[in-house]
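Student: I should like to go through this structure with you and ask how each description is justified.
Tutor: Please do; we shall set each value against its definition.

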Amino acid sequence: MEKSGFILPFSEVTRFHGHVCPGTAIGYRAAEIALKKLRSPRASDEEFVAIVENDSCSVDAIQVVTGCTMGKGNLILKDYGKHVYILVNRDSGEALRLSLNKSIEEINLDFAKVRDKAFSESASPEDKLEFEKQKNQIAQKILEMSDEELFKIEPVQMDIPKVRIFSSIKCAKCGEMVAENRARIKNGDVVCIPCLDN
Ligand SMILES: [Zn+2]
Ligand SMILES: [Zn+2]
């Protein structure tokens with residue numbers, strides 16, 4: 001816990017994401033736990049690589065708290081639809097895999113019912129309000145759960161993903177620049193992916 005001073009408050013995630021929800025709470029906790037266990041003194045925004053196995057709200061929290069982003073190439077999406085988060089410290093080579101133990105429906109047994117009601121044809125403004133309230137309550141509960149209750153946490157061996165840089169070349173068809181590794185060859189010409197099919 002002594003390293004927790006490094007970790008941004010949850011309100012920063014909400015500011016970025018736009019609302020409070022169970023997903024951002026899950027991502028926040030995953031990032032917080034991993035940073036507490038893996039952080040080295042030389043902290044930087046490129047210290048970690050995050051591999052996320054879903055594209056839900058939680059990924060926004062991972063980005064804000066760990067500094068891993070799509071743009072820097074240290075946020076890798078494996079779209080398996082699983083609440084699994086792997087954080088790798090590039091300096092130490094240490095990696096932690098966190099897998100959510102409970103579904104949101106198990107964390108709050110009323111949630112499925114309230115959600116279905118809020119999304120039904122006959123939903124009243126009160127039903128929608130109740131859904132928002134429940135989301136807030138579940139997020140709060142997730143923020144307060146113990147590490148082990150929330151996640152299965154295990155160290156893993158990983159090859160440290162390298163940040164790769166590619167130069168751009170001109171597509172022979174549309175004339176726009178395209179990163180070398182995304183360019184394709186068509187009839188001997190270098191083309192971009194959208195130009196490949198038409
Ligand atoms: Zn959300
Ligand atoms: Zn093109």
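Student: Leaving aside its neighbours within four places in sequence, which residues is Asn74 in contact with?
Tutor: The model is a predicted one. In it, Asn74 is in contact with Asp45, Glu46, Phe48, Val49, Ala50, Gly67, Cys68, Thr69 and Arg90. Asn74 itself is found in the loop between α3 and β2.

Student: Why is Asn74 called buried?
Tutor: A residue is called buried when its relative accessible area is under 20%. Asn74 has a value of 0%, so the word applies.

Student: What makes Asn187 exposed?
Tutor: The cut-off for exposed is over 50%. Asn187 has a relative accessible area of 76% and therefore qualifies. Its place is in the loop between β8 (184-186) and β9 (189-191).

Student: What is phi of Asn187, a residue other than glycine?
Tutor: Phi of Asn187 is near 50 degrees, a positive value. Most residues other than glycine have a negative phi. A positive phi also occurs at Gly67, just after α3, with a value of about 80 degrees.

Student: What makes helix α3 largely enclosed by the rest of the structure?
Tutor: Helix α3 spans residues 58-66, and eight of its nine residues are buried, so the description follows. The buried residues are Ser58, Val59, Ala61, Ile62, Gln63, Val64, Val65 and Thr66. They pack against α1, α2, β1 (48-52), β2 (75-77) and β3 (84-89).

Student: Is Cys57 buried, partly exposed or exposed, and where is its place?
Tutor: The relative accessible area of Cys57 is 28%. Partly exposed covers values between the 20% and 50% cut-offs, so Cys57 is partly exposed. The place of Cys57 is in the loop between β1 and α3. Not counting residues up to four places away in sequence, Cys57 touches His17, His19, Cys21, Gly23 and Thr24. Cys57 and Thr69 are twelve residues apart in sequence, and their C-alpha atoms are 14 Å apart in space.

Student: Why is the pair Glu12 and Arg15 called a salt bridge?
Tutor: The definition asks for a side-chain nitrogen of Lys or Arg within 4 Å of a carboxyl oxygen of Asp or Glu. Between Glu12 and Arg15 the N to O distance is 2.9 Å, so the pair meets the definition. Both residues lie in helix α1 (residues 10-17), three residues apart, about one turn of the helix. An α-helix has 3.6 residues a turn, so residues three or four places apart point the same way. Glu12 is partly exposed at 26% relative accessible area, whereas Arg15 counts as exposed at 65%.

Student: How do you know that Lys36 and Asp147 form a salt bridge?
Tutor: Their N to O distance is 3.8 Å, and the limit is 4 Å, so the pair counts. This pair links distant parts of the chain, with Lys36 in helix α2 (residues 22-38) and Asp147 in helix α7 (residues 147-150), 111 residues apart. Lys36 and Asp147 are both buried. Arg29, Glu32, Lys36 and Asp147 are linked in a network of salt bridges.

Student: What makes Lys102 and Glu149 a salt bridge?
Tutor: The closest N and O atoms are 3.5 Å apart, which is within 4 Å, so the definition is satisfied. The pair links distant parts of the chain: Lys102 is in the loop between β4 (95-100) and α4 (104-107), Glu149 is in helix α7, and 47 residues separate them. Lys102 is partly exposed at 31% relative accessible area, and Glu149 is partly exposed at 37%. A search of the whole structure finds eleven salt bridges.

Student: How many helices and strands are there in the chain?
Tutor: The chain has eight helices and nine strands. The radius of gyration is 21 Å, well over the 16 Å that the globule rule gives for 198 residues, so the chain is more spread out than a compact globule. Its C-alpha atoms fill a box of roughly 60 × 50 × 25 Å along the principal axes.

Student: What share of the 198 residues is buried?
Tutor: Buried residues make up 40% of them.

Definitions and conventions
Residues are numbered from 1 along each chain as its sequence is written. Chains are lettered from A and ligands numbered from 1 in the order in which they are written. This is a predicted model: local features need pLDDT of at least 70, side-chain atom pairs count only at pLDDT 80 or more; totals for chains, interfaces and linings use all residues. Side-chain values use heavy atoms; hydrogens and water are left out. Helices (H or I, at least four residues) and strands (E, at least two) are DSSP runs, numbered from the N terminus. The radius of gyration is taken over C-alpha atoms; the globule rule is 2.2 Å times the number of residues to the power 0.38. Buried means under 20% relative accessible area, exposed over 50%, partly exposed in between (1.4 Å probe, protein chains only). Contact means heavy atoms within 4.5 Å.
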